[in-house]
Amino acid sequence: MALSGFEGFEKRLELHFFGDDPKNVGLGLRLLDFETLDEQILQAVQCTVVSAVANHYFDAYVLSESSLFVYPTKIIIKTCGTTQLLKSVAPLLHHASSLGLTLTSCRYTRGNFIFPAAQPFPHDSFQNEVVYLEDSLPDSLCYRKASVMPSKTPSHSWHVFSASTEATSYPLNGDVMYTIEICMTELDRDLARSFFQRPGSGKNGDTAGKEMTEITGIGEIIPGALICDFAFDPCGYSMNGIDGDRHSTIHVTPEDGFSYASYECVGSVYDCDDVVRVLKRVFKVFRPATMSVSTTCASHEVWTLVAGALEPLGMKCRSCAVDEFPAAGNVVYQTFTTHRNK
Amino acid sequence: MAAEEGQVVSVHTVDAWNEQLQKGNDTKKLMVVDFTASWCGPCRFIAPFLSELAKKLPNVIFVKIDVDELKSVAQDWAVEAMPTFMFLKEGKIVDKVVGARKEELQQTVAKHVATASA
């Protein structure tokens, strides 16, 4: 374990609920009191809140190791390092049911860990993660699928587990939403340096984070979004963006040798032109040597735009894998490397 | 009045709010207004920290406004995200912190307390 560094690759869990109690359904999961969230859910995962913000649609927390988003009937937790994310499932389901909410779908995704041997159970293997998840979920989520989507880059592959009470996903309100999850490795060294705090700058995690958001161009990726950012000591950066009912999030581990950055956002296929702009801006912030882009969407509009956005910037598409999952729809996993790399 | 010192004062009516504003104007004290909401988890996260700050700084007026209760005030001050902390001196906004950000909140309060006593 001597050669182990900080694990940047996150584990991501997204749970959707249904509530038929009209008293609770407006706020749903947002009624979970903070103490419950903090002491029973985040502690199970070994995370604490470092900063947070909310609007009328959802609560967004920056955690000591990543992010938490709480919507009325949806919760997303994304954690990195050696956190035990899946331990949050049981307490979450328990507290959700006390609010009259029942689980309708669950999606767990992650990339390839850089330091797999450092991961504790059940994250020591995808197989164990799947068994652990299967055991944590109610039988009503009877449509289940687990798959590792490959790429031609051995260090990148996409692990997906999805479970649902329905076989297929039906878009709510006729709007088809997508989720993009980007994992970047071998960041440009000069750009990565911006995510180190300058010793003696007199800045704290909040103000140093704000400065990083500005100087790196992260603030301009989604111009209308309000950003809640935090810089870790001595290095590392996290931010959550809130823009109406849409979240975005970035996490950066800038250390040379295992540098990593992730970007995630959601959007509607009706304005999927945004995807191209967002991808280009994200790329320019980090200029990674390797980049994987996973899109999750019931339809096909979004993934076809990805290569067109990145190739003019000098990235080459190396692989593209497509698979279909219960509730999630199509997951398309594409990897890109710079031309100079094979 | 003295009973309010060292506490975060919740105002529930526009009249009570105007009264606090007036008090801020008259005393020329720094006023920190926390725009909060009952459904906002991040607001509950920062609340104990704000109470501690208020206890330590009896010379700063801390006011809490529920954005659903006093919609018109929240709209007038263009509050979109919660919590939002407005820093007022004699009725004018001198600073703003958006989000539950302990260190930034503490630092911003310190900055304005320092200039007020200078």
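**Exercise 1. Decide whether A:Cys47 counts as buried or exposed, and whether a disulfide includes this residue.**

Solution. In this predicted model, A:Cys47 has a relative accessibility of 2%, and therefore counts as buried, given that the cut-off for that class is under 20%. Turning to the sulfur atoms, the nearest cysteine sulfur to that of A:Cys47 belongs to A:Cys80 and lies 7.7 Å away. A disulfide requires the two sulfur atoms to be within 2.5 Å, and A:Cys47 is accordingly in no disulfide.

**Exercise 2. Repeat the analysis for A:Cys235.**

Solution. For A:Cys235 the nearest cysteine sulfur is again that of A:Cys80, at 12 Å, and A:Cys235 is in no disulfide. Its relative accessibility is 11%, so A:Cys235 counts as buried.

**Exercise 3. Find how many disulfides the rule gives over all chains, and determine the handedness of the one that involves B:Cys40.**

Solution. The count over all chains comes to 1 disulfide. This disulfide joins B:Cys40 to B:Cys43, with an S to S distance of 2.4 Å, which falls within the 2.5 Å cut-off. The torsion about the S-S bond of B:Cys40 and B:Cys43 is about 85 degrees, and the disulfide is therefore right-handed. As to accessibility, B:Cys40 and B:Cys43 are both buried.

**Exercise 4. Describe the extent of the interface between chain A and chain B, and state which residues of chain A lose the most area.**

Solution. Begin with the contacts: 27 residues of chain A touch 19 residues of chain B. Next comes the area, since the two chains bury about 1800 Å² between them, with 54% of it on carbon and sulfur atoms. On the side of chain A, the residues that lose the most area to chain B are A:Phe34, A:His56 and A:Asp206, which together make up 25% of what that side buries.

**Exercise 5. Characterise the polar and charged pairs across the interface, and then say which elements and residue classes chain A brings to it.**

Solution. The rule finds 13 residue pairs in polar contact between chain A and chain B, both residues being at pLDDT 80 or more. Salt bridges between the two chains number 2, and one of them links A:Lys210 with B:Glu104, whose closest N and O atoms are 2.7 Å apart. Among the elements of chain A, strand 2 (49-54), strand 3 (59-63), helix 6 (205-216) and strand 10 (226-231) each supply at least two residues of the side that touches chain B, and strand 2 gives the most, with 6 residues. Sorted by class, that side of chain A has 14 nonpolar, 7 polar and 6 charged residues.

Notes
Residues are numbered from 1 along each chain as its sequence is written. Chains are lettered from A and ligands numbered from 1 in the order in which they are written. This is a predicted model: local features need pLDDT of at least 70, side-chain atom pairs count only at pLDDT 80 or more; totals for chains, interfaces and linings use all residues. Side-chain values use heavy atoms; hydrogens and water are left out. Contact means heavy atoms within 4.5 Å. Buried area is the accessible area (1.4 Å probe) that two parts lose on being put together, summed over both. A salt bridge is a side-chain nitrogen of Lys or Arg within 4 Å of a carboxyl oxygen of Asp or Glu. A polar contact is a pair of N or O atoms within 3.5 Å; within protein, one must be able to donate a hydrogen and the other to accept it, and residues adjacent in sequence count only if both atoms are side-chain atoms. Helices (H or I, at least four residues) and strands (E, at least two) are DSSP runs, numbered from the N terminus. Ala, Val, Leu, Ile, Met, Phe, Trp, Tyr, Cys and Pro count as nonpolar, Asp, Glu, Lys and Arg as charged, and the others, Gly among them, as polar. Buried means under 20% relative accessible area, exposed over 50%, partly exposed in between (1.4 Å probe, protein chains only).
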